[in-house]
Each structure stands twice: as C-alpha cells, then as structure tokens.
Amino acid sequence: MSEPKLMDVANLLNRAGSDVSPTAILAREIPIYEIEFAELEFAEETKLPSSDWAVLALTRALGQISPNDVDAYLGLGETVSDGLVDRLRGGGLLDASGDQEATSKPMGWGWLNLWTSESDAPENRKPTQASKLNESCAATTPKCHLSVAGSQALERGVVIQRRVRSARLLFIADPLLFIGITDEKRQTYATYQRTRPLEPDDVPKPFHMLDTMLALPPDERLSACGIEANIQGVPGKFVEIVPGSQWEVRPSIQRIEKQTVQRTALLALTATPSSRERELDWQIYLGLPDGKRPRALAADVSRILHDDLGSISSFLGKLEPGGMMPTQRDLRDDGAFDLCCDIDVMRTLMGETAEPSDTSLPVKMGGWHGWLRIHAAPSNSEAGREAFYAFLKRHDAKLRQDFDRTCLEVAERLNAYWGLKLKLPSADEAAEILWEHAVLRAALCRRRVNDDLIVPYGSAEVAQ
Amino acid sequence: MSDSVVIHLGEQRVKGVLFLPVAVERPAIYRVHRTQHPDIVHVSTDDLKRTPNIRNVLIEQIARAKHKVFFCSFLFADDEIVRALCEAAERLHGGVYILTALDKHLRAEVLDEPDSDVDAHTAKLQERARRHDEHLSRLAHAGAWLRSVEDCHAKFCVVDDACAMVTSANATQEAYESNPEDGLLLLNKHVAHEFGRLFAYVFLHLATLESTPGTRLDVHSINLNTPAWRPLSGIDQFRPVTTLRDSEASLRAAAIEIIDRAKEHLVIASYSFMGMESHPIGDALARALERKVTIDLLVQPRNHIDAQRVSLAWLLDRAPDQVRLYGHRRTHTKSIVADSQSVLLWTGNLESRHGWDNGIEVGIIVEDAGVASAVSAWTGDVMQRHTHVALSSPSMRELIAAGQPLALQGEWTLGLSPSMQTSLVVDVLSRNPVELLEVNGSQVLRCGDELLLDIRVDEASRRIDVVRTRNQDRMGSRIKGWLAESVVRIVGSSASSSTQGKYPHKQHSQHNDRKARRQ
C-alpha cells in the first residue's frame with residue numbers, strides 16, 4: 001500500500017467533520033476485500049395478512065383457540081383453519097398451550113383430553129360476545145394462545161419474517177471492519193470474467209473469525225467487526241450468517257488507466273489531549289474510495305493499535321526513533337508539541353503557509369505513518385534566519401508593494417510566534433540574499449525604482 | 001463589344017527618383033573619425049570588416065555601470081548586448097531598465113511587415129523576432145525590468161547618469177556588424193542625466209506593457225498616470241532633444257535649426273526620406289536650397305516606396321545642381337551636419353509621418369566643429385562607397401540603357417477580363433512604365449503606382465491574358481524586367497466598369513508609408 005499523504009488525511013478529517021487540530025495523527029492505507037456470502041439471514045417486516053390478523057385477534061378475544069375455534073368463529077373451513085393455526089405457530093405468533101404443559105405434564109395423560117372443547121375448559125376462555133358461525137368438526141387441539149411476538153404483530157399490523165439472502169460485503173481485514181456493500185448496479189464484469197476468490201491460505205487471518213463474529217448478538221457483533229443490524233442497501237435487519245454456509249473472499253478492485261488495482265481505505269487515528277492528565281483521547285476515521293463520505297468510527301482504538309496509547313509518554317515511546325522528537329513535557333496547552341530546532345530540522349518544519357503556524361513532524365509507528373503537531377522555534381540565530389528567509393519568500397506580492405515593511409512585519413510575526421526576540425536580517429541584507437531567487441527579482445527591482453528612476457530626476461513626475 | 005488599341009511601351013517615365021545599382025563599385029574605405037572633444041566620441045559600425053564598434057562601446061559602458069543602466073531599443077536581437085545587460089543586472093542586483101517592443105507591440109512593428117521585397121527578408125524578420133523574444137526572456141530572468149511603449153523608436157543608452165549613447169543602431173547583430181550605423185557617446189553628466197530623465201519618464205509614465213524581472217517573460221498591461229513633462233535642457237555645446245509625443249518637439253525644432261543654420265553645405269543621412277515636400281523640415285531644406293546651400297543626401301535605395309521616390313524627386317527637382325543623392329543598400333545612419341560646424345544625430349528618419357510630431361525619438365545637437373566634422377566625414381565615407389545611383393524620372397529605355405533587365409520584348413496581345421474597362425487600362429498603360437514582377441510564382445504587371453495585373457503569358461501565341469487585378473500584396477515580389485521595347489495590342493470589353501477594374505493606388509501609398517516607418 002502507498003504511504004498516505006498528510007493532505008489526504010487532513011481532507012479526510014475535514015470531510016468527516018473533525019474540527020480540531022489533533023496533537024497526533026496516525027494513518028495507513030488498508031486494502032479492501034469483497035466477501036460474497038451465500039446465505040445471510042435477515043429479519044424483514046411484512047404486512048400482517050388479513051386472515052392471520054383475524055386469527056390473532058380471535059385468539060386475543062378468546063384467550064385461547066384451536067383450529068376448531070378458527071373454523072367455528074371465522075368460517076374458514078376445517079383445512080384452512082388447521083393450516084392457519086399451524087403456520088402461526090410455526091412463525092412464533094401463537095404458542096400452543098400444550099407445548100407449555102408438555103414440559104410439565106407427561107404426554108398421554110387421559111384427563112388432558114377433557115380440556116379439548118370450549119365447554120370443557122371454560123376457565124381458559126375469556127367472556128366474549130362473538131358468536132359462532134357454525135359448529136366445526138376441525139381439531140380442537142392444539143390449544144394456542146398469543147405469543148409476545150403475536151401480540152406485537154397484532155398491535156403493529158406487521159409480522160417479522162426471516163429471509164436468507166446472498167450478499168457481497170466489503171471489509172478491511174486489519175482491523176476487521178465492515179465498510180459497506182458492493183454496489184450491484186456498478187458491477188461492470190460478467191460472471192465468467194470475475195476474479196477468482198482467494199485461496200484459503202491467502203485469505204487474511206482476521207477473516208477466519210467471520211463465522212463466529214457474524215453469529216454474535218448484534219451488540220457484540222457491532223463491536224467485533226462493525227456490522228450493525230441495519231446494513232445500508234439491504235432490506236431487513238441482519239440476523240446472522242446461516243451456519244455452515246459458504247463465503248468467498250476477493251480483493252475489491254477497480255480499473256485505473258487500464259490497470260487493475262485493489263481499492264484501499266484510508267484509516268486515520270487522531271489524538272487530542274485528554275481531560276485526564278498526561279493522556280490522549282483517540283478517535284478513528286475511515287476514508288472510503290469512490291467519493292463516499294468518510295466517517296468517524298465508534299470502535300475502540302485499542303482494537304486497531306493493539307497497544308496502550310492512551311498515555312502520552314507511552315505513545316511517544318512507541319514511535320520509531322529518528323531525528324529530534326518532543327517529549328511529554330513539551331506538550332503545550334494548545335495541543336502542539338514545542339520543539340527547539342537547529343537549522344536542519346527548522347528547514348523541515350516551516351510548513352507552507354505564509355504566516356508562521358504549527359507544522360507537522362512526520363513519524364512512524366509500525367506500519368503506520370503519522371504526524372505530530374509541532375510548534376517549532378529556532379534553537380539559534382542561524383535557524384531563525386533560515387526561517388525568516390523562508391517565510392519572506394512566501395510574501396512576493398507584499399514584497400513588491402513594500403519590501404522593507406514586509407521584512408519588518410515578517411520578522412515581528414516570527415518572533416511573536418516563537419516567543420523570542422531574535423535579531424533577524426534587515427531589509428538591505430534580505431535584498432542581497434534573496435537576489436538568487438529569480439521569482440523575487442520583481443520585488444527586489446521595485447524596491448530600487450525610487451532610487452533609480454524618481455529621486456535622481458526630482459521632477460514633477462509622480463512616483464508609481 | 002470589344003476594342004483593340006495598340007500602345008507602344010518604352011518612353012513612359014518612372015515617377016520620382018529611382019535608384020539603380022552602381023555598375024562598378026568603388027574601392028570601399030572605413031575610417032574612424034575622432035571628434036577631438038573630451039566629452040564626446042563618434043562611434044560607427046565598420047560594416048566592411050564587420051567590426052562592431054558601437055556594440056563594443058555599449059558593452060564597455062554597461063560593464064562599467066556601478067548603479068544602473070537604461071537601454072532603449074525596440075528590437076533586441078543581438079546576443080552580445082543582451083549578455084552584457086544580463087551580466088549587469090546580475091552584478092547590480094537589478095538596476096537594468098529596458099524599453100523595448102513587447103508582445104503585440106513587436107508584432108505590430110516587425111512581424112507584420114506587409115510588403116517586403118523578398119521572402120528571405122520576411123524570414124529574416126521572423127527569425128529576428130524569435131531571437132528578440134528569446135533575448136527578452138533571458139533579460140527578464142537575469143533581473144532586467146522590461147517595459148514597452150508602442151510608438152517608441154528611440155535607440156539610446158544611459159549608464160549611471162554619467163554617460164549616454166545616442167545611436168541609429170537598433171540592438172541587432174545586423175546593426176552592430178553589417179549596416180553603416182553611427183552614434184555619439186556622450187560623457188557629459190548633464191546630458192546623460194537629461195537622457196536618463198527622459199528614459200525614466202517614458203518608462204514610468206508612458207509604457208503600457210511590462211514584464212517584471214522573474215523566472216520567465218510575463219508580459220502584462222499596466223495603467224500609469226502621465227504627469228507633466230519638463231522639457232530637456234542643454235548645456236554648453238550639447239543640447240539633448242526629443243520628440244515626446246505631443247509633450248515635446250525639440251527634435252523637429254533642432255532639425256530645422258540645423259538646416260537653417262547651414263550657409264554652404266548640408267550632409268544628411270537618413271534611412272528614408274518621405275513626405276518632406278509638405279513638412280516643416282522640407283520647408284527648411286527648400287530654404288537652404290534657395291540660399292544656394294548644397295545638399296549631400298544618403299538614403300537607403302528603396303524603390304518600392306513610392307512616397308520616397310516622390311519626395312526625393314521633389315528635392316532634386318528644386319535644385320538639380322545643388323542636390324546629390326547617394327544610395328547605400330544597408331545604410332541606417334541618421335544625422336544632419338551643417339557646414340561641418342554643428343550636427344544633429346538622432347534616432348528617427350526624415351519621414352513626415354513619424355518621429356517629429358508624434359512617437360518617441362531622441363537626438364543630440366552638438367555645436368562643435370570637431371564633432372560635426374567627424375560625423376560629416378564618416379557619412380561622406382559611406383556616401384563614397386554608395387551602392388546605388390539615383391536617376392530622376394528615368395524612362396524605361398533609359399533604365400535599360402543603365403543596365404536594368406528587359407522583359408516581354410516585341411509585339412503582344414493583351415487580353416483583358418470582361419469585367420475590366422478597356423479605356424481605363426489603356427490610359428494607365430499609356431502613362432506609366434510597366435514592370436514585370438514575379439510574386440509568389442505568379443507573373444504580375446506593375447503599371448506605375450496605379451495598377452497591378454495578375455497575368456498569364458503564352459509565348460507561342462504572343463498573348464498576355466489578365467487573370468485579375470491585384471491589391472497591394474506584393475510580398476515576396478521579384479523584378480523580372482521592364483517592358484521597354486514592347487508593343488501591346490489591347491483587346492477586351494469597354495462596356496463594364498466594375499470595381500475590379502479600379503486601381504487602388506491610394507491605399508498603395510498609405511501601405512508603403514506604414515511599412516517604411518520603423519527602421
């Protein structure tokens with residue numbers, strides 16, 4: 001994967017709605033995989049059919065019913081009534097009273113049959129004004145009452161049904177995280193052209209846990225791999241993977257300039273000073289390809305970094321050593337690290353803005369690339385002069401208007417930012433030094449117009 | 001209905017003065033003429049040995065610059081001078097200010113030459129323009145500040161307000177090595193300061209395009225105010241003069257003054273001589289001739305410029321015994337010397353349309369016999385090695401006798417197109433000399449200044465057919481010969497009077513005048 005660029009990361013954070021300047025950022029490009037599941041179970045609400053509603057309503061009215069009651073009160077006939085009761089039991093909307101009793105009473109007790117007619121079990125019936133349409137010959141068992149689901153279905157007029165679908169879901173492997181579904185409408189390949197699935201040995205190890213994770217209860221599943229019950233683009237609520245069903249893993253690919261490349265996501269972790277002393281609060285952001293809006297993730301950063309990075313000193317200690325690094329003591333109230341720089345480091349920490357401001361010190365940690373927000377100040381006058389010329393060169397337009405004044409202003413602003421009182425070069429010295437930069441020659445030449453073209457001739461001409 | 005009219009060609013005369021190459025060139029000499037004045041040096045291009053004396057002096061002065069250099073030349077097509085200016089800009093960290101032709105100003109003046117005589121000339125101009133752009137880029141990168149004034153034709157250089165050079169030479173290799181050019185190096189501080197003041201005023205207040213120093217040439221418009229101008233002032237024997245649009249016309253006054261001051265002899269050099277018959281400077285020349293002053297006039301022999309032929313004829317006809325004309329194919333020098341006592345050396349030409357009442361030119365009057373003699377002697381040297389002699393209103397037969405080529409000799413039938421008015425063509429052919437030209441592979445009959453006819457010649461049938469009349473586009477024309485011994489029988493229709501048969505000589509002269517303006 002390519003090394004993430006700070007500009008891309010900043011853009012990601014901005015689009016994700018982050019409005020703070022982090023103390024530290026870690027980022028990495030992560031390959032995206034498409035996993036095609038043959039059987040995923042979803043719970044889907046459908047409108048309660050009229051016949052079902054009538055049976056459930058009758059059950060609520062009578063307290064307990066049998067196929068015989070359904071036929072007698074609703075006139076649906078013996079066969080339909082049997083089937084309806086059987087289906088509602090199967091869907092969990094009715095519970096057979098006998099089922100409950102079966103757990104407490106041995107089957108085959110003769111007295112049980114005495115309870116199979118209404119007249120035989122008046123104590124289980126609620127009083128009702130409903131009248132029978134006819135006497136029925138349908139079975140008087142099982143006796144059923146409303147289940148909790150049945151009551152809810154009756155209240156809402158809908159019934160939850162379970163459906164099994166195939167789906168192609170997009171994941172990153174490390175950390176294992178669900179990031180979306182494959183947009184079927186954008187599928188551009190024919191089946192026979194599709195890339196082969198990864199061989200088992202090539203499937204990233206985190207995916208080996210998918211069967212287990214997808215069988216977890218929703219809350220646990222969400223924290224384990226980021227799949228919520230509602231998957232955008234798929235109707236119903238995700239319940240679980242059908243045990244033993246198959247799935248295949250492929251790299252998610254796209255074609256760029258006639259080359260096939262694997263899509264990547266940009267994972268960025270930002271750290272800001274915590275209200276807890278000497279600690280950092282981390283936030284995770286995920287940038288997705290194809291212009292999809294990046295988002296902040298609720299996952300715990302320890303799941304991704306596998307380390308305790310809450311402590312500032314611990315975090316700094318994990319960074320790969322290289323060059324000048326700040327310490328925990330250098331953390332400022334505004335979240336940047338103070339860093340006293342010699343000329344070489346100063347050159348790398350002057351940013352690109354016209355005015356002095358915090359800059360980013362590149363760092364590395366394992367496979368992560370990162371940046372620390374640095375408040376750089378020169379450790380000596382040589383470094384200060386270097387910074388002065390660097391910032392002066394960024395004010396070409398102002399230099400053209402008033403070279404000397406701009407030199408003065410830049411020096412003042414630098415010292416104010418650094419909190420120092422360094423003696424920085426004069427305008428005359430700057431003019432001498434900056435001549436080497438052809439791009440600034442217009443400003444330098446304008447500086448001498450007065451002396452060359454106006455003052456010597458002391459005429460009525462007006463200076464431009 | 002068709003006519004048939006016979007015209008005998010040969011005695012018709014060319015209008016005005018025509019220059020013809022000298023049959024035998026005289027031994028050429030080049031001499032340096034010293035002014036004997038401590039503050040002024042006459043410098044000239046040794047076009048015989050291609051020794052760039054003007055360039056050398058300029059480079060020497062530029063290399064000595066301690067603070068600033070002002071350089072004005074609408075063309076920059078000389079590597080050496082550009083290198084010297086670049087070095088100065090780098091060494092001085094700026095301080096090199098250049099007035100030149102930028103962007104559209106260059107195209108207007110150089111690239112759009114409409115009727116150059118030959119293709120090669122056009123190619124040369126385009127190559128020169130390409131070099132000009134390259135050089136300007138180098139100058140901008142080196143730290144020189146470039147500005148452009150559309151009508152600035154002056155060529156001068158001021159270094160540190162301590163010395164100034166006024167010269168006829170543009171900053172081109174040709175001017176510094178191949179053309180008879182001269183100039184005066186002025187070491188008088190007052191004069192240099194005055195030229196510096198003029199340069200600063202033009203640079204700050206009259207320029208409309210600029211490219212500031214930087215990594216590349218970046219031409220953009222500028223809007224500047226124009227405060228009042230304080231006229232140039234002289235000192236002792238030196239008087240800097242200028243044409244500064246309508247702000248100062250001291251150059252014209254100076255030319256008239258010098259001419260009026262002549263008692264015996266005027267030595268005049270100009271690239272061109274046009275429109276003087278109705279111009280105050282022409283009036284001054286007429287007065288001089290009335291005073292029996294003799295005039296030696298050196299010009300470039302540009303026969304295709306009608307206005308110049310007419311103007312020269314006007315001067316010559318006023319006093320044929322007092323006026324001597326010299327043609328040099330490459331001369332570009334510009335000066336007037338009166339009685340070897342006073343001299344005006346300037347950057348314009350003796351043209352009525354530019355440089356006296358409009359545009360921007362500079363000059364210097366020096367009232368010193370040594371300086372005047374030096375300029376006069378040098379101009380005399382160029383006159384001595386003239387390349388062309390002048391004939392006043394020669395007939396075609398006289399031209400043939402002088403060695404000019406003959407064309408379409410004998411009897412011919414000239415067939416006109418139906419839309420042409422026969423009487424009109426007969427009239428034009430009867431009065432004008434007829435010249436056969438080749439223009440871009442086509443044959444063209446040029447009837448004086450009045451008519452150009454595209455023709456097709458059938459030698460076998462001795463017939464010339466007019467294909468069409470031609471406008472004034474003679475770009476790349478080559479002279480094939482004069483119809484000095486031809487008898488032409490014209491056949492065609494006299495019924496129609498279409499506009500196609502009209503001859504646009506009015507536009508022709510305007511056109512040529514514009515072309516001749518900038519040199």
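For what follows, two strands pair if DSSP finds at least two bridges between them. With that in hand, here's a quick tour of a predicted model, starting with a hairpin in chain B: strand 28 and strand 29 form it, with four residues between them. From there we go to the nine-strand sheet of chain B, the contact between chains B and A, and a few helix pairs and a buried proline in chain A.

**The hairpin in chain B and its neighbour**
- Strand 28 (residues 451-458) of chain B runs antiparallel to strand 29 of chain B, and six bridges join them.
- Within this pairing, Asp454(B) sits opposite Arg468(B) of strand 29 of chain B.
- In the turn of the hairpin, Arg462(B) has a positive phi of about 55°.
- Strand 29 (residues 463-469) of chain B also pairs with strand 25 (residues 410-415) of chain B, this time in the parallel sense and over three bridges.
- Here Gly415(B) has Asp465(B) in strand 29 of chain B as its bridge partner.

**The nine-strand sheet in chain B**
- Chain B has an open sheet of nine strands with mixed pairing, in the order 3-11-9-8-4-6-7-12-13.
- Strand 3 (40-44) and strand 13 (220-221) of chain B are at the edges with a single partner strand each, so one side of each has no neighbour in the sheet.
- Strand 13 of chain B is joined by two bridges to strand 12 (residues 209-211) of chain B, and the two run antiparallel.
- One bridge there matches Glu210(B) with His220(B) in strand 13 of chain B.
- Helix 2 (residues 79-92) of chain B packs on the sheet, where it touches strand 4 (69-72) and strand 6 (96-100) of chain B; the helix direction makes about 145° with that of strand 6 of chain B.
- Helix 6 of chain B packs on the sheet too, touching strands 4, 6, 7, 8, 9 and 11 of chain B, and its direction makes about 110° with that of strand 8 of chain B.

**Where the chains meet**
- The contact takes 24 residues from chain B and 17 residues from chain A.
- On the chain B side, helix 6 (residues 189-206) of chain B gives the most, with seven residues.
- That side of chain B divides into nine nonpolar, eleven polar and four charged residues.

**Helix pairs in chain A**
- Helix 12 (residues 381-392) and helix 14 (residues 403-418) of chain A pack at about 125°, with axes 10 Å apart.
- That angle makes helix 12 of chain A oblique to helix 14 of chain A, and the crossing is right-handed.
- Residues of helix 12 of chain A in this contact include Phe388(A) and Phe391(A), while those of helix 14 of chain A include Val410(A) and Leu414(A).
- The tally for this contact is eight nonpolar, no polar and no charged residues.
- Helix 2 (residues 50-62) and helix 3 of chain A have axes that come within 11 Å and cross at roughly 105°, which makes them roughly perpendicular.
- Among the residues making this contact are Leu58(A) of helix 2 of chain A and Tyr73(A) of helix 3 of chain A.
- Seven nonpolar residues, no polar ones and one charged one make up this contact.

**Pro67(A)**
- Pro67(A) belongs to helix 3 (residues 67-74) of chain A.
- Pro67(A) counts as buried because it has 26 C-beta neighbours inside 10 Å, and the cut-off for buried is 20 or more.
- Beyond its neighbours within four places in sequence, Pro67(A) is in contact with Ser81(A), Asp82(A), Val85(A), Ala138(A) and Ala139(A).
- Asp8(A) is 59 residues from Pro67(A) along the chain, and their C-alpha atoms are separated by 67 Å.

How values were computed. Residues are numbered from 1 along each chain as its sequence is written. Chains are lettered from A and ligands numbered from 1 in the order in which they are written. This is a predicted model: local features need pLDDT of at least 70, side-chain atom pairs count only at pLDDT 80 or more; totals for chains, interfaces and linings use all residues. A residue is buried if 20 or more other C-beta atoms lie within 10 Å of its own, exposed if 12 or fewer, and partly exposed in between; C-beta atoms are placed from the backbone. Two residues are in contact if their C-beta atoms, placed from the backbone, lie within 7 Å. Axes are lines fitted to C-alpha atoms, for helices over the stretch in contact, and angles run from 0 to 180 degrees between N-to-C directions. Angles under 35 degrees count as roughly parallel, over 145 as roughly antiparallel, 65 to 115 as roughly perpendicular and the rest as oblique. A crossing is left-handed if the near helix is turned anticlockwise from the far one by less than a right angle, and right-handed if clockwise. Ala, Val, Leu, Ile, Met, Phe, Trp, Tyr, Cys and Pro count as nonpolar, Asp, Glu, Lys and Arg as charged, and the others, Gly among them, as polar.
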